[in-house]
Amino acid sequence: MAEKVIMGDEDIRRALVRVAHEIVERNRGAGSLVLIGMHTRGVPLAQRLAAIIEGFEKVSVPVGILDIGLYRDDLSTMDLKPAIRRTEVPVDVTNRRVVLVDDVLYTGRSIRAAMDAIFDLGRPEKIQLAVLVDRGHRELPIRADYAGKNIPTSRVEEVQVRVKELDGQDEVCLVSPSAVEKGQ
Amino acid sequence: MTQQRQRDTATAPQTVERLRAPAWRHRHILDLDNLSREEVEVVLRTTDAMMEVLSREVKRVPTLRGKTVVTLFYEPSTRTRASFEMAAKNLSADVVSFAAAGSSVEKGESFIDTLRTLQALGADAIIIRHRESGAPYVAARHVEASIINAGDDWHAHPSQALLDMYTLRRHFGTVQGLKVVILGDILHSRVARSNIWGLTTMGAEVVLCGPPTLLPYPLLDGAGGPAMPHMPPVRFEAVIERALEGADVVMPLRLQLERQQSGLLPSIREYVQLYQLTEKRLGLAKEHAIVLHPGPVNEGIEVAPEVSRGARSAIEEQVSVGVAVRMALLFLVIGGGRG
C-alpha cells in the first residue's frame with residue numbers, strides 16, 4: 001500500500017501553532033471562544049489548539065466534542081452504521097464564537113451536519129471552521145477560516161490524518177488510487 | 001518532508017476502523033438471547049449519546065426524518081408505548097399509533113393481515129406488544145419492516161432489560177461482576193427473562209428468589225443451577241435474606257395480581273411477609289446497592305413504599321433512561337447503514 005507522507009509531526013505542530021495564533025488574532029483574543037472538535041480526529045486537534053492558545057494567551061478555552069452521526073445526510077446509503085458517541089459541549093454556545101475543528105475538509109457535508117448540530121445546542125454569535133487539511137472538492141458553499149495546509153487532491157485519492165492520541169503518531173498521508181483499490 | 005514508502009496493511013497504524021462499532025447486523029430486536037456482549041455495548045454506548053440529546057432544551061435530532069414508526073399494541077401499556085413514541089419523535093420519525101381495540105382486529109383481521117397493511121402504508125419499524133409469546137417473531141418472518149418486541153406475554157421485553165443494564169452501568173460503571181437479585185414473580189415476567197439473558201451475557205451474577213410456584217422451572221435444574229448447558233447461568237435461592245446478602249442490585253418484580261387467581265400463592269399476605277423488599281431486608285445488600293423495578297409498582301406488596309421511594313431507588317431514573325434506550329434501538333435498526 002503506497003502512501004505519500006505530506007506532513008510529518010513537526011509540520012503538523014507548526015501548522016497548529018499558526019492556526020492557533022490566527023484564531024486569536026481574528027477574534028481579538030480568546031475570551032468568548034469555544035473550540036468544538038468533531039469526532040474522531042477533530043477532538044485531539046481541538047484540544048491541542050486550546051493548549052497552544054492557553055500557552056501564549058494565558059486564557060483557558062473550553063473544548064467540546066461533537067458527534068455528527070445523528071445529523072448525517074448519507075445515513076441511508078452508508079455501508080457501515082457509524083458509531084454514535086456522546087456529544088459533550090461544556091458551555092452554552094449561545095452568544096459564543098464557536099470554532100469547529102476537523103482533520104480534513106472535503107465535500108463540506110460533515111460541516112453542514114455539524115452546523116445543524118450546533119444550532120440544536122444554542123445560537124452562537126459566529127461559527128468558524130479550522131481544519132488541518134483542506135483537500136478541495138466542495139459540494140456545498142462552505143470554506144475553512146483556518147487551514148493547516150491546502151492539499152490539491154484527486155477525488156480518487158484519500159487523505160489520512162493520524163494523530164498521536166489515537167494512532168500513535170502524527171502524520172498526514174496521501175493514499176494513491178491503486179493503493180485505495182487494493183485496500184478495499 | 002516528503003517520502004514514498006510501502007506499507008503492508010497488517011502493519012498499517014490503526015485508522016478509523018478501530019473506533020467504529022462492529023457492524024450492526026440485527027434488523028429486528030426480538031430478545032437479548034441473540035445479542036453478543038459487544039452488541040449490547042453498542043446499544044449502551046448509543047444510548048449514552050441519546051441521553052445527551054435528551055438533556056438539551058430542544059430534544060430533537062433529524063436522524064430518522066422520513067421514516068415511519070408504528071406502535072402496534074394488543075395489550076394495554078402506558079409507559080412502554082409512550083416511551084417508544086417519544087423516542088421515535090425525538091428522532092424526527094413519523095409515528096403512527098395503532099391500538100387493537102377500535103381497529104379492524106375487532107372485525108377479525110388477522111395479525112399478519114394487520115402487519116401487511118402497516119407495511120403497505122410504509123412502516124419502517126413496527127413496535128409490537130402482544131399477549132402471545134413469539135408473536136413478534138412471526139411478524140419478523142412476514143414483513144420487511146424492522147420489528148421491535150415491546151413485550152410478548154411472559155417471554156421477552158428486551159428494551160426494558162437494556163434500560164435496566166444502562167441504569168446499572170450508569171451507577172456502577174459496568175455490569176460485569178455485579179450480583180443482581182431478581183425477586184418475586186419470575187414465572188410471569190418477560191422483564192425477568194430478558195434480563196436473565198442480558199445480565200448473564202454482560203457478566204453479572206444473577207440470583208432468582210421467590211416462591212417456588214413462581215419460578216421458571218425450565219431455567220433451573222433440581223439443584224438450583226441452570227438446567228441445560230445452553231441456558232443462562234442463574235442461581236435460585238428460596239430464602240430472601242440469603243439471596244440479598246452482598247447484592248449490588250435488587251429487582252423486585254410486580255406481583256401480577258391479575259395472574260394470581262390460579263392458586264400459585266396461598267395469599268398475598270403471606271407473599272408480603274416472606275418476599276416483600278423492606279428497608280430491613282435491603283440492609284443485607286451492599287451499602288451501595290440500588291433497587292430497580294420495571295413498573296408499575298404495587299407499593300406495599302412486592303416492595304415497601306419507603307424502599308421504592310427511598311434513596312436507593314433508581315425507579316424514576318429508569319423511566320427517563322427508557323426513552324434514550326429506545327432511541328438507540330430505533331437508530332440501530334432503521335437508522336441506515338445496513339450491513
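Start in chain B: select strand β2 (residues 68-73) and strand β4 (residues 125-130), which run parallel and are joined by five bridges. Keep in mind as you click around that this is a predicted model. To see one of the pairings up close, show B:L72, which stands opposite B:I128 in β4(B).

Now widen the selection to the sheet around that pair. You should have four strands of chain B in an open sheet, in the order β3-β2-β4-β5, with parallel pairing. Look at the edges next: β3 (94-99) and β5 (146-152) of chain B stand there with a single partner strand each, so one side of each has no neighbour in the sheet. If you sight across the strands, neighbouring ones in this sheet are turned against each other by 15 degrees on average, direction ignored. A reminder for the bench: strands of a sheet pair through backbone hydrogen bonds, either parallel or antiparallel.

**On to two helices in chain B**

Select helix α1 (residues 37-54) and helix α5 (residues 158-172) of chain B. Their axes lie 10 Å apart, and the two helices pack at an angle of about 70 degrees. Angles of 65 to 115 degrees count as roughly perpendicular, and α1(B) and α5(B) therefore fall into that class. The crossing of α1(B) past α5(B) is right-handed.

Which residues make the meeting? Turn on side chains for B:V40, B:V43, B:L44 and B:T47 in α1(B); they meet B:L162, B:M165, B:Y166 and B:R169 in α5(B).

**Stop at B:Y166**

Centre the view on B:Y166, which sits in helix α5 of chain B. Is this tyrosine buried or exposed? The cut-off for buried is 20 or more other C-beta atoms within 10 Å; B:Y166 has 26, so it counts as buried. Leave aside its neighbours within four places in sequence, and B:Y166 is in contact with B:L44, B:T47, B:V321 and B:V325. For a long distance to draw, pick B:T114: 52 residues along the chain from B:Y166, with 33 Å between the two C-alpha atoms.

**Over to chain A**

Hide chain B and bring up chain A, which has five helices and eight strands. Trace the chain along its sequence and you'll pass through β-α-β-α-β-β-α-β-β-β-α-β-α. The C-alpha trace spans about 50 × 40 × 30 Å along its principal axes. Its radius of gyration is 16 Å, which agrees with the value near 16 Å that a compact globule of 184 residues would have.

Colour by burial if your viewer can: 46% of the 184 residues in chain A count as buried. Contacts are worth a look too. Among those between residues at least 6 apart in sequence, 70% join residues at least 24 apart.

**Last stop: strand β8(A)**

Select residues 171-175 of chain A. This is strand β8, mostly covered, with five of its five residues buried. What lies on each face of β8(A)? A:E171, A:C173 and A:V175 are on one side, A:V172 and A:L174 are on the other, and all are buried, leaving both faces covered.

Next, add the strands that pair with β8(A). Strand β1 (residues 2-7) of chain A pairs with it in the antiparallel sense over four bridges. Strand β7 (residues 158-162) of chain A pairs with β8(A) in the antiparallel sense too, over five bridges. Finish on A:V175 in β8(A): A:E3 stands opposite it, and it is also the bridge partner of A:E158.

Methods: Residues numbered from 1 in each chain as written. Chains lettered and ligands numbered in written order. Predicted model: local features only at pLDDT ≥ 70, side-chain atom pairs only at ≥ 80, totals over all residues. Rg over C-alpha atoms; globule rule 2.2 N^0.38 Å. Buried ≥ 20, exposed ≤ 12 C-beta atoms within 10 Å, placed from the backbone. Contact = placed C-beta atoms within 7 Å. Pairing = 2+ DSSP bridges. Axes fitted to C-alpha atoms, helices over the stretch in contact; angles between N-to-C directions. Parallel < 35°, antiparallel > 145°, perpendicular 65-115°, else oblique. Left-handed = near helix turned anticlockwise from the far one by under 90°.
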